[in-house]
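Hi everyone, thanks for coming. Please have the viewer open while I talk, and stop me whenever a term is new to you.

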Amino acid sequence: MSPTSPDIPNTPAGPAGRAGTPVPVVLAGARGHGRWHLTELRRLEGAGLVRLAGVCELRPLDATELAGFGAPPAQSADLDALLAATGARIAIVCTPIATHAELALVAARRGVHLLLEKPPAPSYAEFRRMTDGVAAAGVACQVGFQSLGSHAVPAIRDLIADGAIGELLGVGGAGAWVRDEAYFRRSPWAGRRRLDGADVVDGALTNPLAHAVATALALAGAPRAEDVVHIETELSRAHAIESDDTSCVRIVTAAGPQVTVAATLCAETAAEPYVVVHGSRGRITFWYKRDRVLLQRAGHGPVETPHGRTGLLENLVAHVTAGEPLLVPPEATGAFMRVVEAVRCAPDPAELPEEFWLTVRGEGGPRRTVPGIGRLVDESAETLRLFSELGAPWARRAREVVR
């Protein structure tokens, strides 16, 4: 995840306390989304689980930004030197997308375990380079898809396995968000496919609404790279950017069920993103930011259930100190990285003609909206069809990427 990615589910209510010496942690990228990690680190430091040993930033944090911690952490713009100086056991990498793989390897070579924000790399080749290096170093790596720490995920898997909704037919994901034009000017890499010759792949499906893609694949039982047979993409943009802001993807899995995710940053009004699991005798809807599940099936009334969540840093600490299984190891994100690669290799997103979008002014400044896109996003999740198949006049026919 980039430092300013907004697709962050709710913070867990509290850790499962463990006795022992707090684990020293270094945070690389402490502004933007990194502020969320600082909040989580304060919580876990207060519980005695971790100690913020260092912060890696180009510009050091001031006392206000570090309020609430114990001893002031060491600070440096050199991650390798900082890891060596602090003796950190865990590094959180929350830096621009193009730097994820290399900084992860810097930590791995130091024998430091990782919480690596999503997307873990901007290309599948970089992902493989990172995962191979981490494996060779013998360190643990947790990828920052917080939705996969929700207790709803195994509960839904159990419902599917128990036949609660009959045969699994497919999984749809929907994300309709509002982002103003300033969002795409927040950093040099925002809204870019490449920057200074390096892949970035910052788009609706791969960064801000990436949780919808990864969660849908997980619930379809297809999280690994080898679970993907082929991928079709439809990438569009209303804003004056390189990357996609209104797109959809279809993933056909080796087991048969297909996964379709539709995402936009140009909604007329923002909506809660969700994933819906379609079965032959019912459906399960999962609002992954709220950890809520709705089960609907023939012959029964609807049942909505709240669930808890385990934080990914907390789980990584438990893995390092007590051997608990990781919730989101790299191999559980291989299918998502196949989607990133399909988006990276696809033709540049189609520019929507001016007649299909409007400029409106909100609290954050001007933004572009695509009338009716919220309805199309929902319809895609409901029918497992792409925008072009739903009759959107601006949609470019899907490009298929065969594995």
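I'll walk through the core, a sheet, the cysteines, the salt bridges and a few backbone details. Keep in mind throughout that this is a predicted model.

Let's begin inside. How many residues does the largest nonpolar core have? The number is 101, and the residues with the most contacts inside this core are L41, V277 and F336. Helix α6, residues 210-219, gives the most to the core, with eight residues. There is also a second, separate core of 24 residues, and A176, C266, V377 and A381 are among its members.

Stay with α6 for a moment. Is this helix mostly covered or mostly open? It is mostly covered, since ten of its ten residues are buried. The buried residues include H211 and T215 alongside A210, V213 and L217. Just after α6 you can find G221, which takes a positive phi of about 75°.

Now click on V277, one of those core residues with the most contacts. Leaving out residues up to four places away in sequence, V277 touches I156, I160, I165, L168, G170, V171, L219, G282, R283 and I284. Pick I160 from that list: I160 sits in helix α5, residues 152-161. Buried or exposed? With a relative accessibility of 17%, I160 counts as buried, because the cut-off is under 20%. Once its neighbours within four places in sequence are set aside, I160 is in contact with L168, L219, V277 and I284. So V277 and I160 each touch L168, L219 and I284.

Next, the sheet. Here is some background for anyone new to this: strands of a sheet pair through backbone hydrogen bonds, and they can do so in a parallel or an antiparallel way. Which way do we have here? The pairing is parallel, in an open sheet of six strands with the order β3-β2-β1-β4-β5-β6. At the edges are β3 (74-76) and β6 (141-143), each pairing on one side only. On average, neighbouring strands of this sheet are turned by 20° against each other, ignoring direction. If you zoom in on β5 and β6, you'll see that they pair over three bridges, and that L114 stands opposite C141 in β6.

That brings us to the cysteines. A disulfide is a covalent bond between the sulfur atoms of two cysteines. How many disulfides does the structure hold? Zero. For C141, the nearest cysteine sulfur belongs to C94 and is 14 Å away. C141 is buried, at 2% relative accessibility. For C345, the nearest cysteine sulfur is that of C248, at 18 Å. C345 is partly exposed, with a relative accessible area of 37%.

On to charges. In general, side chains of opposite charge can pair when their charged atoms come close. This structure holds 25 salt bridges, and I've picked three to show you.

The first is between R43 and E314, at 3.7 Å from N to O. R43 is in helix α1 (residues 34-46) and E314 is in helix α7 (residues 312-322), so this pair ties together parts 271 residues apart in sequence. Both R43 and E314 are buried.

Next come D199 and R344, which meet at 3.3 Å. D199 belongs to strand β9 and R344 to helix α8 (residues 334-345), with their positions 145 residues apart. D199 is buried at 15% relative accessibility, whereas R344 is partly exposed at 27%.

Then there are D291 and R309, at 2.4 Å. Each lies in a loop, and the two are 18 residues apart in sequence. D291 is buried at 6% relative accessible area, and R309 is buried at 11%. Elsewhere, salt bridges that share partners join E102, R109, E126 and R129 into one network.

Finally, a few backbone details. The peptide bond from K118 to P119 is cis, with omega near -15°, and P119 is in the loop between β5 (113-116) and α4 (124-137). V201 is not a glycine, yet it has a positive phi of about 55°; you'll find V201 in the loop between β9 and α6. L384, also a residue other than glycine, has a positive phi near 60°, and lies in the loop between α9 (373-383) and β20 (399-402).

Thanks for listening, and I'm happy to take questions.

How values were computed. Residues numbered from 1 in each chain as written. Predicted model: local features only at pLDDT ≥ 70, side-chain atom pairs only at ≥ 80, totals over all residues. Heavy atoms only, no water. Core = buried A, V, L, I, M, F, W, Y, C linked by side-chain atoms within 4.5 Å. Buried < 20%, exposed > 50% of the residue type's maximum accessible area, 1.4 Å probe, protein only. Helix = DSSP H or I, 4+ residues; strand = E, 2+ residues; numbered from the N terminus. Contact = heavy atoms within 4.5 Å. Disulfide = S-S within 2.5 Å. Pairing = 2+ DSSP bridges. Axes fitted to C-alpha atoms, helices over the stretch in contact; angles between N-to-C directions. Salt bridge = Lys/Arg side-chain N within 4 Å of Asp/Glu carboxyl O.
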